[in-house]
Amino acid sequence: MSDTVSRRQWLIKTGIGVGATVALPGLLPALEASRALGGASYGEILKQLERDITTQRRAAGPIRLCFNENPFGMSPKAKDAIMNAWGEHPHYDPPVMKELTEAYATHVGVKPEHVLVTQGSSEVLSLAALATGMKGGEMVLPWPTFEQLPDYATSMGVTVHKVPLTADLHHDFAAMNAKMGANTKLVFVCNPNNPTAVLDNQSAMRDFVISTAKKCLVVVDEAYHDFADDPSYKSMTDLVTAGHNIIVSRTASKIHSLAGLRVGFAIAHPDVIKKMAVFATGNPNTFGMRAALASVQDTEYQEFVKAKNREGRALLTAALTKAGRRVAPSQTNFVFFHAGRPVELLQKHFLAGGFRVGRAFQPYGDWCRISIGTPDEMKQFVTLIPGALA
């Protein structure tokens, strides 16, 4: 499998390589793509990736703009890393676990003992609940927000206080603080928030997290960290190194497009990391970790995705604004807007036009969440907006 011919044959047989008559070099690992394109630069490979992936997604059926996925798939260098690590799949304790932990620690500016690699960021949230000993306790969070942690906490018998967002879709810190009591074990914030795409006021957010962390553990979900463009935005990882009682949750599912390979990261004090590790059910899969390691270091791919996301987001925001809709200011790879009609009706309309959009997030049943696809896809999608809102 290590030589070029056999690897290319394997790619063809599995349906992700070049066929006898149709070449899709952008879908190949970077080294194979470079050969297929005659030694093209990596920038040219990424341009070819955009063309190929757009064609592939269109041919696959309704285009998915419903789960906040990166439409471009994983970095070509991540694909290379998976192929080059093919012989590691039988191992229970692959060395890549340590390599990824160290690389990600460097990436976010902390020491390796502050990082735990997990099976997606959802596991970070579950481990936080278990490590905190939340059973029978209470937790406080904004609503709506990412639902995995409150759902998991409810299954543990935890009383979950869901605090409504403010009128402008921000965390209501005063109301959240008022809901906290002696039995509050954990407070959750998500910034930028999902499903609203809104980035909270940084000063207010940091003040709230610092003051709350003196009372209980605070989990800060930064799944969309890489898409935030606001110059005021700053990760809370510095609060971890400053000794505050917080866990920052990150994921390889968004900008790195590894949702199906399940890799996430917890960033916390080493004592908290050790407590969480006790409850982990196993390591993420080897290929996911190899792909994440390569992608974290592939800054050219990350900048490519960010630029394409900005382009698609601007197209969508402009079209919705022109249609007279209220659009939440997005700092993510999706847009949340007031449709003024049940989202189920929009789902049917857009599906008829070849696109799947997000479900309803109560109590915002007449708002719609749309993930950002490729620029070409968004140009097609916006032509459906007038009919959807008629």
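Glu138 stands opposite Thr159 in strand E4, and in strand E5 its bridge partner is Thr184. Glu138 belongs to strand E3, which spans residues 138-143. This is a predicted model, so please read the picture below as a computed one.

Let us stay with E3 for a moment. The strand is mostly covered, with 5 of its 6 residues buried. With E4 (residues 159-164), E3 pairs in the parallel sense over 6 bridges. With E5 (residues 184-190), E3 also runs parallel, and 3 bridges join these two strands. A helix joins the picture here too: E3, helix H7 (residues 148-155) and E4 make a right-handed β-α-β unit. H7 lies across E3, E4 and E5, and the helix runs at about 150° to E3.

Now step back to the sheet as a whole. It is an open sheet of 7 strands in the order E2-E8-E7-E6-E5-E3-E4, and its pairing is mixed. Why do E2 and E4 each have one side without a neighbour in the sheet? Strand E2 (115-118) and E4 stand at the edges and each has a single partner strand, so one side of each is left free of a neighbour in the sheet. On average, neighbouring strands of this sheet are turned by 20° against each other, direction ignored.

At the E2 edge, the partner is strand E8 (residues 264-267), joined to E2 by 4 bridges and running antiparallel to it. Here Val115 stands opposite Ile267 in E8. Helix H11 (residues 270-279) packs on the sheet and touches E2, strand E7 (246-251) and E8. The direction of H11 makes about 25° with that of E2.

The strand pairs described so far can be set side by side:

| Strand pair | Sense | Bridges |
|---|---|---|
| E3 and E4 | parallel | 6 bridges |
| E3 and E5 | parallel | 3 bridges |
| E2 and E8 | antiparallel | 4 bridges |

Next, the nonpolar interior. The largest nonpolar core has 45 residues, and the members that touch the most others are Leu100, Val189, Val209, Met236 and Ile246. Leaving aside residues up to four places away in sequence, Leu100 touches Val117, Val263, Phe265, Met289, Ala292 and Leu293. Apart from this core lies another, made of 26 residues, including Ala153, Met156, Val160 and Leu186.

What about the cysteines? The structure holds 0 disulfides. For Cys66, the closest cysteine sulfur is in Cys368 and lies 10 Å away, which is too far for a bond. Cys66 is also buried, with a relative accessible area of 5%. For Cys190, the closest cysteine sulfur is that of Cys216, at 17 Å, again too far for a bond. Cys190 counts as buried as well, at 1% relative accessibility.

Finally, a residue on the outside. Is Lys214 buried or exposed? Lys214 has 70% relative accessibility, so it counts as exposed, the cut-off being over 50%. Lys214 sits in the loop between helix H9 (202-213) and strand E6 (217-221). From Lys214 to Arg341 there are 127 residues in sequence and 43 Å in space, taken C-alpha to C-alpha.

Note on methods:
Residues are numbered from 1 along each chain as its sequence is written. This is a predicted model: local features need pLDDT of at least 70, side-chain atom pairs count only at pLDDT 80 or more; totals for chains, interfaces and linings use all residues. Side-chain values use heavy atoms; hydrogens and water are left out. A nonpolar core is a set of buried Ala, Val, Leu, Ile, Met, Phe, Trp, Tyr and Cys residues joined through side-chain atoms within 4.5 Å. Buried means under 20% relative accessible area, exposed over 50%, partly exposed in between (1.4 Å probe, protein chains only). Contact means heavy atoms within 4.5 Å. Two strands pair if DSSP finds at least two bridges between them. A crossover is right-handed if, with the strands pointing away from the viewer, the path from the first strand over the helix to the second runs clockwise. A disulfide is a pair of cysteine sulfur atoms within 2.5 Å. Axes are lines fitted to C-alpha atoms, for helices over the stretch in contact, and angles run from 0 to 180 degrees between N-to-C directions.
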